[in-house]
Amino acid sequence: MISIKQFVFNSFMVNTYLLFDESGECIIIDPACYEEKEENELKDFLERNNLKLVRNINTHCHIDHILGNGFIAETFSIFPEYHKAAVPFFYTAKEIAGSFGYDLDHIPEPKGFLDEGEKVTFGKSELAVFYTPGHAEGSVCFYNKPEGFVITGDVMFRDTIGRTDLPTGDFNLLMNSIREKLFTLPDETVVYPGHGPETTIGYEKINNPFIR
C-alpha cells in the first residue's frame, strides 16, 4: 500500500509529495523546498521513517516546482526525471528564479525522461505516466489505479485549472488533457494537485466551472 506525505513549500505554496510503501523505498514528486528549514523538514521525515529515496519526479518544470532539485541531487545523489518537452524551461530557469527573489545556483542534469505510457516504479508500487500538456509543455500526471489516486501537478486543482497564459500554455490543449486523460478515470479517484487541497475526479466533473 502506498502512503503519501504532503509538504507545502516555498512562497508559491507548492505541494511536494513523498510516496512510499512497505518496502521503505520512496519517491519525491516536485521537490519545491528552498529554505533550509524546508530542506530539514523533508530530510528529517525521511530519516525518522527510515525511508530510502530512490527517484525524483517532476510533474512539470516551472520554477516553483523545481527549486529543490539541486538539494535532492546534492544530498541524496538522486537526479530529476521529467518529460523531454520540459527541457527548454531550464534555459531561463536562473533568470526566472531571480525575478522572484530565488537564487537557483544548481540545476542538476536529468537522470532520464518520462513519457506517456511509462511506469514509474519504486518498491512494490508503480504509477502510470500520462502526458497532459496545456498548462506547460512537458506536464505529466501520475496515476495509481489499485489505490485510486492521481497526482496532477498544475493541470487541475479543486474547482479550477492550471494557468494557460504562461509560455507554452494552451487552454484548448489543457481542456483536451483533462477530458481525455483525467476525466476517463473513475469518479472516486482522489486528485492530489500541485497547489491547494485534494479533490476527486467526480467532484471536478460536476463542480469545476472551467470544465463543465
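**Exercise 1. Locate L173 in this predicted model, and decide which exposure class L173 belongs to.**

Solution. Begin with the secondary structure: L173 is found in helix α5, which spans residues 171–180. Next, take the relative accessibility of L173, which is 30%. A residue is buried under 20% and exposed over 50%, with partly exposed in between. L173 therefore counts as partly exposed. Finally, look at the surroundings of this residue: leaving aside residues up to four places away in sequence, L173 touches P133, G134 and E137. As a check on distance, L173 and E118 are 55 residues apart in sequence, and their C-alpha atoms are 21 Å apart in space.

**Exercise 2. Find which residues of helix α5 are buried, and explain why they lie on the same side of α5.**

Solution. First list the buried residues of α5, which are L174, M175, S177 and I178. These residues cover an arc of only 160° around the axis, and therefore they are on the same side of the helix. Then turn to the other side of α5, where N172 and E180 are exposed. To see what the buried residues meet, follow them to strands β11 (156–157) and β12 (160–161), against which they pack. One last detail belongs to the start of α5, where a side-chain oxygen of D170 comes to within 3.1 Å of the backbone nitrogen of N172.

**Exercise 3. Describe the order of the strands in the six-stranded sheet, and say which strands form its edges.**

Solution. Start with the order, which is β1-β2-β3-β4-β5-β6 in an open sheet with mixed pairing. The word "mixed" can be read with this in mind: strands of a sheet pair through backbone hydrogen bonds, either parallel or antiparallel. At the edges are β1 (3–9) and β6 (112–114), each of which pairs on one side only. Neighbouring strands of the sheet are, on average, turned by 30° against each other when direction is ignored. For one pair in detail, take β5 (residues 80–83) and β6, which run parallel and are joined by three bridges. Within this region, Y82 stands opposite F113 in β6.

**Exercise 4. Determine which strands helices α1 and α3 meet.**

Solution. Consider helix α1 (residues 36–48), which lies across β1, β2 (14–20) and β3 (25–29) and runs at about 165° to β1. Then consider helix α3 (residues 69–76), which packs on the sheet and touches β3, β4 (52–57) and β5. The direction of α3 makes about 150° with that of β4.

Definitions and conventions: Residues are numbered from 1 along each chain as its sequence is written. This is a predicted model: local features need pLDDT of at least 70, side-chain atom pairs count only at pLDDT 80 or more; totals for chains, interfaces and linings use all residues. Side-chain values use heavy atoms; hydrogens and water are left out. Two strands pair if DSSP finds at least two bridges between them. Helices (H or I, at least four residues) and strands (E, at least two) are DSSP runs, numbered from the N terminus. Axes are lines fitted to C-alpha atoms, for helices over the stretch in contact, and angles run from 0 to 180 degrees between N-to-C directions. Contact means heavy atoms within 4.5 Å. Buried means under 20% relative accessible area, exposed over 50%, partly exposed in between (1.4 Å probe, protein chains only). The arc is that of the directions from the helix axis to the C-beta atoms. A polar contact is a pair of N or O atoms within 3.5 Å; within protein, one must be able to donate a hydrogen and the other to accept it, and residues adjacent in sequence count only if both atoms are side-chain atoms.
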